[in-house]
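User: I am new to this structure and would like a close look at a single part of it, set within the whole chain. Please take me through it with care.

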Amino acid sequence: IDGFEALSRWNSSTLGNVPPSTFIPLAEQSGHIKDIDIAVMRKALSWLEARLNKGLKVAPVAINISPIHFYDDLFLEQFKETIKDYNVPLHLLKLELTESIELVDFTKAKEILTELKQLGIDCSIDDFGVGYSSLSYLPKLPFTEIKIDRSFISALNDPGMYAVIQTIIQLASNLQMKAVAEGIETLEQYVLLKNMGCHIGQGYFLHKPMPLEVASALLDSL
């Protein structure tokens, strides 16, 4: 296990299970996405700290940050205040950002990402390939990881898509970044990606989303 990704889930007493595709856009529109980002971050840090205090095995946890939150003037200040509350080495925390963040304000994005790197925080480009980013930005921004969108992986058997995925993996390698395949669901996809040089992946073939107690049991079993 290379790490975990923290996923937001909402089980409402009145609405039942509300999918992220429904509540995340609403949270962004209403301005509550910042509260969700911070709540997820605190949950992950609290989990890591509790395991560290018990001398148990840990693995890095990636947190998704909304572009709206990322560009907020108070983002860095709030982020630094949050991580100060927990005795967790910062290499155990990773931030995931969609590739569109560079299109909003490239200069500001570079400043924020550079400061995060100086703090010891790695950042990933999430859902790579489905946005409209310029490849010329990639070597100028201090990302450490490119996450290949699941829509590419699901079409892996298409020769054209295979070539695109292979190109992204090679691009990541040339830029000294890790390539991570999202949405691996079959043994065939797993083997093909491994043979292409992609050594990190996530998806139902490996593990399905799980509550924290199951993630803890999984780490304890290793």
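Among contacts in the chain between residues at least 6 apart in sequence, what percentage join residues at least 24 apart? And once that is clear, please look closely at strand E5 (residues 93-98) and its partners.

Analyst: This is a predicted model, and in its chain 67% of the contacts between residues at least 6 apart in sequence join residues at least 24 apart. The chain has 10 helices and nine strands, and its C-alpha atoms fill a box of roughly 45 × 45 × 40 Å along the principal axes. For 222 residues a compact globule would have a radius of gyration near 17 Å, and the chain, with 18 Å, agrees with that expectation. Buried residues, meaning those under 20% relative accessible area, account for 39% of the 222 residues in the chain.

Against that background, strand E5 (residues 93-98) has five of its six residues buried, and it is therefore largely enclosed by the rest of the structure. E5 pairs with strand E4 (residues 61-64), to which it is joined by four bridges, and the two run parallel; in this pairing Leu-93 of E5 stands opposite Val-61. E5 also pairs with strand E6 (residues 122-128), again in the parallel sense, over five bridges, and here Glu-96 stands opposite Ser-124 in E6. As background to reading such a strand, side chains in a regular strand alternate between the two faces of the sheet.

Turning to the surface of the chain, the accessible area comes to about 12,000 Å², of which 54% belongs to carbon and sulfur atoms.

Terms used. Residues numbered from 1 in each chain as written. Predicted model: local features only at pLDDT ≥ 70, side-chain atom pairs only at ≥ 80, totals over all residues. Heavy atoms only, no water. Rg over C-alpha atoms; globule rule 2.2 N^0.38 Å. Buried < 20%, exposed > 50% of the residue type's maximum accessible area, 1.4 Å probe, protein only. Contact = heavy atoms within 4.5 Å. Areas by Shrake-Rupley, 256 points an atom, 1.4 Å probe, with all protein chains shown as cover. Pairing = 2+ DSSP bridges.
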